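This report introduces a structure to a reader who has not met it before. Please keep the sequence and the model in view while reading.

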2 protein chains.
Amino acid sequence: MRVVGPDTIRAAVDEDEIVALIEDGFRRFSAGEADVMAVGHLAFATPPGDCHVKGGYLRGDDLFVVKLASSFYRNPEIGLSSSNGFSVVVSAETGAVLAILDDGGYLTDLRTALTGGIAARLIARPDARVLGIVGSGIQATLQARIVARMLGIETILVWARDLARAATIGQPVELDELAACADVIVTTTPSATPLLTAGMARPGMRIVAVGADSPGKNEIAPGLMARARTVVDSRNQCVDHGDTASAIAAGAIGDDGLIELGELLTSPIAFGDDEIVIADLTGDAIQDVQIAKAIWAKLAA
Amino acid sequence: MRVVGPDTIRAAVDEDEIVALIEDGFRRFSAGEADVMAVGHLAFATPPGDCHVKGGYLRGDDLFVVKLASSFYRNPEIGLSSSNGFSVVVSAETGAVLAILDDGGYLTDLRTALTGGIAARLIARPDARVLGIVGSGIQATLQARIVARMLGIETILVWARDLARAATIGQPVELDELAACADVIVTTTPSATPLLTAGMARPGMRIVAVGADSPGKNEIAPGLMARARTVVDSRNQCVDHGDTASAIAAGAIGDDGLIELGELLTSPIAFGDDEIVIADLTGDAIQDVQIAKAIWAKLAA
């Protein structure tokens, strides 16, 4: 068992390569060529936190990946990162553990942000010029950098409760203003009550929602979801939790119109300029598999 | 993150302490004081293998445990152990990974065998003198040693397809003879078809079934289950897979008479001398939690 530390992992990151692998993973996931485990979840009350365990493989691969990622939201108050975790690369031929990628949650953060970029690129209007970021945590920072780069956008508006931290990411604005002005909005908070409401709907709005990744979290109001076309990373997962599940539970949308990211990658849709499109990303094991494969391929080379 | 190797782990094992912790874990699990994750499972066709990921914690503990264990049944043909895996000890206060117990599957094998001993002690008649082991793999070897020790039994009969390996564990016999003579039988095979049949039933038979731990595996015929009282490690898990699930699916038993191991530990039952009792053990996260805690307590002391 080789343990690979954070510096070595960061040095092995090639974002464009990882994007290509994640896109391939989603295509094959939607084509039924991936096996993923039931997601393991533990919740902690005091201090508040959760842990997700995900794993899977693409059929034909000689390895599989299991990933543990935890978030303890109050860690920053004691000077620690809220994210922790690691990925494990295992031989699919013997079960031997090849490597522990001790990334401290970085690979989860990065694959989530890169997938935000992939989704944004698929749903954004070609003339998108203004990116709006909701939140000011690790994901907000990463999504701002990555989505802006992948869409060639320079103007970044940010709304967050913590104004000082928002200002490190882009230009702080009120949420109403952000909703009215941003061509692409990325929401990254653990909010339990919707931040983007039906009243903020406007033609051509494009939203990538990455914050609501477990039951009970909800960033996008069902009334706004009702006016949008919905793209999901995993149909099975999104009908169970996240913004899509909340909208379905509220009777605002059905589960029949959902478009999987992998389907959209295989068969892109030219959305109408006035259509509202929301990509609801809850995080799928196949992203963890593909980013760990990308890192391991560099290290084992 | 501290990585602890197999030799250090083995040196930290105190079987009696671990038995006490596992018993406490089962009591609290059955009392609703444990949170366990959905079991993650991946299956591999060529070569055949599977991987289970389990995790959980007892409420009030300051750490949680996630365990990965794989079995690739043909590994011995290429000189490798079929078992692989490790346990992770994580702070339930920050999510920080405290230790990887790189046990290569040893802790899973050991906790399974110790739980076999716990179950055997709860269901065996006080006058039990002959132990019967079905199978000749790692579990067969461990169960033979541990159950014999915990029950104070000296005579061990073994049935397995591999006679030479059976002879290293005890006295090789035909399966009919084992079923007729052994006071306590432990079945440890990955068989997909029942080995112990209804025709082998006899008054006072006591069986600990540990082999059938995933859907599709079945060591005990539904017809034999129908004549027995059934103890399960986890009611939720056993109605879904293993010998209990097969018997329920066949209509041989209902799901209402199952006794959980933790309930039996809290309120022991004096089974009648003629009763047939079967303990169906599918392996629960709480065993992994408790054995990892035992090891970590020694190492962190």
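Two strands are said to pair if DSSP finds at least two bridges between them, and the elements themselves are DSSP runs numbered from the N terminus, with helices (H or I) of at least four residues and strands (E) of at least two. The model is predicted, and for that reason local features need pLDDT of at least 70 and side-chain atom pairs count only at pLDDT 80 or more, while totals for chains, interfaces and linings use all residues. Residues are numbered from 1 along each chain as its sequence is written, chains are lettered from A and ligands numbered from 1 in the order in which they are written, and side-chain values use heavy atoms, with hydrogens and water left out.

**Chain A as a whole**

The secondary structure of chain A amounts to 11 helices and 15 strands. Its radius of gyration, 18 Å, is close to the 19 Å that the globule rule gives for 301 residues, so chain A is as compact as a globular protein of that length; the radius is taken over C-alpha atoms, and the rule is 2.2 Å times the number of residues to the power 0.38. Along the principal axes, the C-alpha atoms of chain A fill a box of roughly 55 × 45 × 35 Å. Of the 301 residues in chain A, 60% are buried, where buried means under 20% relative accessible area, exposed over 50% and partly exposed in between, with a 1.4 Å probe and protein chains only.

**The hairpin**

In chain A, strand S3 (residues 40–44) and strand S4 (residues 49–58) pair in the antiparallel sense over 5 bridges, and a hairpin of 4 residues joins S3(A) to S4(A). A:Ala43 stands opposite A:Asp50 in S4(A). The side chains of S3(A) alternate, with A:Gly40, A:Leu42 and A:Phe44 buried on one face, whereas A:His41 and A:Ala43 point to the other and are not buried.

**The open sheet**

An open sheet of 8 strands in chain A follows the order S10-S9-S8-S11-S12-S15-S13-S14, with parallel pairing. Its edge strands, S10 (171–172) and S14 (259–260) of chain A, each pair on one side only. Three of the pairings are set out below.

| Strand pair | Bridges | Residues opposite each other |
|---|---|---|
| S13(A) and S15(A) | 5 bridges | A:Ala228 and A:Ile276 |
| S11(A) and S12(A) | 4 bridges | A:Thr187 and A:Ala209 |
| S12(A) and S15(A) | 4 bridges | A:Val208 and A:Ala279 |

Within S12(A), A:Arg206 and A:Val208 point one way and A:Ile207 and A:Ala209 the other way, and all are buried.

**Two helices in contact**

Helix H2 (residues 15–30) and helix H4 (residues 138–151) of chain A pack at an angle of about 85°, with their axes 13 Å apart. Axes are lines fitted to C-alpha atoms, for helices over the stretch in contact, and angles run from 0 to 180 degrees between N-to-C directions. H2(A) is therefore roughly perpendicular to H4(A), given that angles under 35 degrees count as roughly parallel, over 145 as roughly antiparallel, 65 to 115 as roughly perpendicular and the rest as oblique. A:Glu15, A:Asp16 and A:Val19 in H2(A) meet A:Arg145, A:Ile146, A:Arg149 and A:Met150 in H4(A), a contact being heavy atoms within 4.5 Å.
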